[in-house]
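Visitor: I would like to go through some labels and see what each one rests on. Please start with the loop.

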Amino acid sequence: MEIRRRDALKLGAAGAAALPAARVFAQPSGARALIVSTWDFGAAANAAAYAQWKKSGSLIDAVEAGAWVPEADPTNHSVGYGGYPDRDGHVTLDAIIMDDRGNVGAVAALEDVLHPISVARRVMEKTPHTFLVGEGARQFALEQGFPRTKLLTPEAEAAWRDWLKTAKYRPIANIENQRGSALDHDTIGIVACDAGGRLAGACTTSGMAFKLRGRVGDSPQAGCGLMVEPDVGAATATGVGEEVTRIAGSARIVSSMRAGMSPMAACREAVLHIAKLRGDAVKDAQVAFLAINREGLVGAYALQPGFTYAVTDMGGATSVLAAESLRPSTKN
Ligand code: SD4
C-alpha cells in the first residue's frame with residue numbers, strides 16, 4: 001500500500017520535525033484503510049468516527065461524528081468553536097457532507113452554531129436543496145433545534161485583536177501560513193470507505209483566519225473541498241481554498257481516479273496542475289489533497305511540506321503520516 005512505504009519513510013525525513021514523535025503511529029501491514037482525515041489531529045476525529053461506525057455501521061454517521069471532534073475543540077483555530085473570526089470579528093463556519101448516492105448537504109458563512117456538519121446533514125436530509133448560506137443557514141439551523149452557541153473564544157478574540165493592530169488584508173496570500181507553520185492549517189476533511197466499497201465524506205472549517213466578511217473557501221463547495229463518487233473513491237482538500245476552488249480540486253482527483261489513477265497519483269496531478277497554473281502566486285501557499293479509492297487505498301500530496309494525515313484501518317489501528325510535497329522541506 002503506497003501510504004505505508006513511501007509516506008511513512010518520508011515522515012522520518014520531513015514530518016518528524018513537524019510532529020511530536022508520540023503522536024506518530026505505525027501502520028500495520030496489509031491493512032485496508034477505512035477512515036482517513038487531514039492533519040495529525042485527524043487521529044482523534046478518526047477514533048470518534050470509528051467508534052460511531054462500529055455502533056451504527058453507517059459511514060455517514062461515522063464521518064459526521066469524526067467532524068464533531070475538531071468542531072468542538074477550542075484549541076483548533078480553523079474549525080468550529082474556537083475558530084479564528086473574520087476580519088470583523090465574526091466566526092463563520094463552512095461545512096459539507098456527502099454520501100455515495102448523490103446526497104449532499106452544505107452550509108457556508110454559518111454563525112452561532114457549534115456543529116455546522118450536522119446542519120449540513122440536515123440540509124441534505126430535510127430539504128430539497130444542497131447548500132444554504134449565511135443568515136438563511138443560521139435560521140434553518142435554529143428552526144431545526146440547534147442551540148445558539150457563542151463561537152468566539154477569548155483566545156481567538158485576543159488573536160484577532162492582535163492581528164487588527166498590524167496586519168493588512170491580503171486576499172491571495174495564505175494568512176495562516178504567514179503567521180506560523182503549515183500546522184496552523186486545521187480544516188478537517190474526512191473520507192471513508194468500507195469493505196463493501198461504500199463511501200462517504202465530510203469537510204468542516206472556519207476558513208481562512210481573518211478573512212473578508214462573506215468569504216467562502218473551497219471546503220463547503222461540492223467538488224472543491226470534498227467529492228465522493230460511487231464505485232470510484234473520495235477526495236478532500238485543505239489549505240488555501242481559493243487555489244482548490246479554481247480547479248475544483250476534489251472533483252478533479254475523483255475523475256483522475258475514475259480514469260484509473262491511484263489516489264496518490266491523482267492528488268499529485270492536482271497539485272502539479274495548481275503549481276503550473278498559478279506559478280509564483282502559490283509560492284507561499286499551502287494546498288493539500290487526500291484521497292481514498294474504493295479498494296481502501298489512500299494517497300496524499302501537498303504543495304508545501306508539513307501536511308499530515310491520519311489513516312485508520314478496518315481494525316481500528318491509526319497511523320499519522322506525512323505527505324510528500326512538491327516543494328522540498330527547508331527544515332533539514
Ligand atoms: C479554506 N481550505 O477555507 C480552507 C482553509 C483550510 O486549514 O484548509 N485551513 O480555504
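Guide: This is a predicted model. S58 sits in the loop that joins α2 and α3.

Visitor: What makes the pair S58 and D61 a polar contact?

Guide: A polar atom of the S58 side chain lies 3.0 Å from the backbone nitrogen of D61. The cut-off for a pair of N or O atoms is 3.5 Å, so the pair counts. The backbone nitrogen of I60 is 3.4 Å from a polar side-chain atom of S58, and that is also within 3.5 Å.

Visitor: Why are α2 and α3 called roughly antiparallel?

Guide: The axes of α2 (residues 42-56) and α3 (residues 59-71) cross at roughly 150°. Angles over 145 degrees count as roughly antiparallel, and therefore the label applies to α2 and α3. Their axes come within 7 Å, and the crossing is right-handed.

Visitor: How do you know that D218 makes a polar contact with the ligand?

Guide: A polar atom of the D218 side chain is 2.6 Å from a nitrogen atom of the ligand, and the cut-off is 3.5 Å. By that cut-off T187 qualifies, with a polar side-chain atom 2.8 Å from a ligand oxygen. G239 qualifies through a polar backbone atom, 2.7 Å from a ligand nitrogen. The protein covers 100% of the 290 Å² of accessible area that the ligand has on its own.

Visitor: Which residues come nearest to the ligand, and what classes make up its shell?

Guide: Of the 14 residues around the ligand, T187, R215, D218, T238 and G239 come nearest. The shell has nine polar, four charged and one nonpolar residue.

Key. Residues are numbered from 1 along each chain as its sequence is written. This is a predicted model: local features need pLDDT of at least 70, side-chain atom pairs count only at pLDDT 80 or more; totals for chains, interfaces and linings use all residues. Side-chain values use heavy atoms; hydrogens and water are left out. A residue is near a molecule or strand if one of its heavy atoms lies within 4 Å of it. A polar contact is a pair of N or O atoms within 3.5 Å; within protein, one must be able to donate a hydrogen and the other to accept it, and residues adjacent in sequence count only if both atoms are side-chain atoms. Accessible areas come from the Shrake-Rupley method with a 1.4 Å probe; for residues, only the protein chains shown count as cover. Ala, Val, Leu, Ile, Met, Phe, Trp, Tyr, Cys and Pro count as nonpolar, Asp, Glu, Lys and Arg as charged, and the others, Gly among them, as polar. Axes are lines fitted to C-alpha atoms, for helices over the stretch in contact, and angles run from 0 to 180 degrees between N-to-C directions. Helices (H or I, at least four residues) and strands (E, at least two) are DSSP runs, numbered from the N terminus. Angles under 35 degrees count as roughly parallel, over 145 as roughly antiparallel, 65 to 115 as roughly perpendicular and the rest as oblique. A crossing is left-handed if the near helix is turned anticlockwise from the far one by less than a right angle, and right-handed if clockwise.
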